[in-house]
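User: Could you take a close look at a single strand in this model and explain, step by step, how it sits among its neighbours? I am a first-year student, so please explain the terms as you go.

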Amino acid sequence: MFTETFPAIEQAHVLDLGGTVETWRRAPVRPGRVTVLNLFEPGESEDGWIAPVLGDACDAARVLAEAKADTHFDVVFSNSLIEHVGGHARRTELARQVRALAPHFWVQTPYRYFPIEPHWLFPGMQFMPAAARVAVAEHWPLVHTRPRNTEEARREVLWTELVSITEMRDYFPTATILRERIFGLTKSIIATDS
């Protein structure tokens, strides 16, 4: 869907908010240039076409300027980040950064109303009270990365807030909302302005 939306991506300069260098090295498509901005681990690169920057995507313009990195891009790309930035106000700021940094964007997130919570692969977990979600995060065998303790499980649960289509339309009012489906159900949603 991404390459159909951006057929000239191989000539584009992409800003990836929340991604990693390694993801782009393995990607089936390679943009002309990529800047990866990640709060924790953007990765390392000696390659001329990809530049990692450590920092907060909700403050991307300032972080990139301070890092003496590019601040103008063709496309902002973000995959499964917006649900982890810390509430409505921070999601609103992330969306403002996305819209300001490039004329085009692709922001993907798991859909709040898909029956299985995608981070823990647990049915309906996103609708449970926080204490129950923490217990699932701590003990469920299908969790992606098992937390070391209850505090870490609580932190992961509280920093994960799945987003609805209505919210995505509010964050990206000019965007087209695409749906990724599995078995006819919307699994994730994408706000794009191509």
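Analyst: Strand 1, which spans residues 13-17, is mostly covered, since five of its five residues are buried; buried means under 20% relative accessible area, with exposed over 50% and partly exposed in between, using a 1.4 Å probe and protein chains only. Strands (E, at least two residues) and helices (H or I, at least four) are DSSP runs, numbered from the N terminus. This is a predicted model, in which local features need pLDDT of at least 70 and side-chain atom pairs count only at pLDDT 80 or more, while totals for chains, interfaces and linings use all residues. Residues are numbered from 1 along each chain as its sequence is written, and side-chain values use heavy atoms, with hydrogens and water left out.

In a regular strand the side chains alternate between the two faces of the sheet. Here, His-13, Leu-15 and Leu-17 point one way from strand 1, whereas Val-14 and Asp-16 point the other way, and all are buried.

Strand 1 runs parallel to strand 2 (residues 33-38), and five bridges join them; two strands pair if DSSP finds at least two bridges between them. Within this pairing, Leu-17 stands opposite Leu-37 of strand 2. Between the two strands the chain passes through helix 2 (residues 21-26), making a β-α-β crossover that is right-handed, which means that, with the strands pointing away from the viewer, the path from the first strand over the helix to the second runs clockwise.

Strand 1 also pairs in the parallel sense with strand 4 (residues 75-79), over three bridges, and there Asp-16 has Phe-77 of strand 4 as its bridge partner.
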